[in-house]
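Hi everyone, thanks for making time for this. I'd like to walk you through a structure that may be new to you, so please have a look at the screen.

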Amino acid sequence: MRTRFIVGNWKMNKTASEGGAFVHRLSQELTHHAGIQIGLTPPFTALHAVREALGPASAFLLGAQNLYWEDKGAFTGEVSGTMLKDIGCQFVLVGHSERRQYFGDQDGWTNKKVLAALRHGLQPILCVGETLQDRESGQTDLVIQRQLRAGLSGIESQTLSTVTIAYEPVWAIGTGRAASPEQAVPVHRLIRKTLNELGGADIGNHVRILYGGSVTPHNIADFLASEEIDGALVGGACLDPVSFATLAKVA
Ligand code: PEP
């Protein structure tokens with residue numbers, strides 16, 4: 001059984017104090033969420049405030065939006081797995097399409113980042129997804145397989161089962177144009193098949209695969225109706241605590 005996982009990706013939104021206030025409101029709205037995991041990825045500058053607001057016993061998981069693969073040193077502007085672990089993060093996004101598109105994150109880098117996260121005991125969520133051009137030219141499967149094979153290279157089978165994958169078609173992110181479950185489910189199946197090829201027989205069945213791209217409280221149930229979809233990576237609809245709590249309650 002794979003536990004459902006709903007992750008709110010704040011992107012470059014919310015100051016530290018806004019983050020703390022968000023958590024207090026979310027905790028009032030969502031007092032009970034047994035059976036599913038809820039994660040938040042505030043910007044680096046709000047991680048401490050959000051950790052404090054959550055408190056040590058919180059059932060909400062704290063994650064970061066990115067990391068650098070070296071542990072420390074002359075890498076101006078970067079943040080390491082050591083630092084994220086120290087501040088109380090439990091997971092980290094790797095290879096979000098905005099990182100790939102605007103900041104040059106390449107497949108080789110996503111691999112180093114996934115390996116660094118695992119080394120520090122942070123659960124990586126590797127994001128993969130095709131552009132509209134890829135989809136329209138029939139390249140979706142090739143792109144997804146390339147991103148998976150590169151990002152997960154060199155990881156042993158047992159460890160592979162602890163990684164989470166987020167399938168996020170680039171054309172669906174922040175556009176209000178979510179993929180339909182009919183479009184998403186075959187890609188989730190392809191991801192599981194590729195994981196089996198990478199890690200051996202049954203690994204794909206142990207790995208959680210989230211869908212991301214314009215998920216809202218109104219369409220989340222349609223995605224979760226498929227047993228292939230284990231949760232969601234949510235951007236826009238996670239910024240308001242009431243909307244995010246509603247979405248989590250539906251999940
Ligand atoms: C995201 O940030 O990963 C995302 C899916 O954003 P949105 O929900 O706004 O499309």
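I'll talk about the ligand surroundings, then the annotated sites, and finish with one helix. Please keep in mind that this is a predicted model.

Let's begin at the ligand. Of the 14 residues around it, the nearest are Asn9, Ile173, Gly212, Gly235 and Gly236. As for character, the shell divides into five nonpolar, seven polar and two charged residues.

Now, what does the UniProt record add? In an unreviewed entry, UniProt gives the feature "binding site" at Asn9, Trp10, Lys11, Gly174, Ser214, Gly235 and Gly236. These positions span 228 residues in sequence, but no two of their C-alpha atoms are more than 13.9 Å apart, so they gather at one spot.

Let me pick out two of them. Lysine 11 sits in the loop between strand S1 (4-9) and helix H1 (16-29). With 16 other C-beta atoms within 10 Å, lysine 11 is partly exposed. Glycine 174 belongs to the loop between strand S6 (164-167) and helix H9 (181-199), and it is partly exposed too, with 14 other C-beta atoms within 10 Å. Leaving aside neighbours within four places in sequence, glycine 174 is in contact with Gly235 and Gly236.

Next, the "active site" annotation, again from an unreviewed UniProt entry, which covers His96 and Glu168. They span 73 residues in sequence, yet their C-alpha atoms are no more than 8.4 Å apart, so they gather at one spot.

Is histidine 96 buried or exposed? It is buried, with 27 other C-beta atoms within 10 Å. You'll find histidine 96 in the loop between strand S4 (91-94) and helix H4 (97-103). Glutamate 168 is also buried, with 28 other C-beta atoms within 10 Å, and its place is the loop between S6 and H9. Setting aside neighbours within four places in sequence, histidine 96 is in contact with Gln65 and Cys127. On the same basis, the contacts of glutamate 168 include Cys127, Ile173 and Gly212.

Last stop: helix H1. Which residues of H1 are buried? They are Gly19, Gly20, Phe22, Val23 and Leu26. These cover an arc of only 155° around the axis, which puts them on the same side of H1. Here is a handy reminder: an α-helix has 3.6 residues a turn, so residues three or four places apart point the same way. Covering the buried residues of H1 are, among others, helix H2 (44-54) and helix H11 (241-250). The face turned away from that buried side carries the exposed residues Ser17, His24 and Gln28.

Thanks for listening!

Conventions: Residues are numbered from 1 along each chain as its sequence is written. This is a predicted model: local features need pLDDT of at least 70, side-chain atom pairs count only at pLDDT 80 or more; totals for chains, interfaces and linings use all residues. A residue is near a molecule or strand if its C-beta atom, placed from the backbone, lies within 6 Å of it. Ala, Val, Leu, Ile, Met, Phe, Trp, Tyr, Cys and Pro count as nonpolar, Asp, Glu, Lys and Arg as charged, and the others, Gly among them, as polar. UniProt positions are given in the numbering used here, feature names are shortened, and annotations may be inferred rather than shown by experiment. Helices (H or I, at least four residues) and strands (E, at least two) are DSSP runs, numbered from the N terminus. A residue is buried if 20 or more other C-beta atoms lie within 10 Å of its own, exposed if 12 or fewer, and partly exposed in between; C-beta atoms are placed from the backbone. Two residues are in contact if their C-beta atoms, placed from the backbone, lie within 7 Å. The arc is that of the directions from the helix axis to the C-beta atoms.
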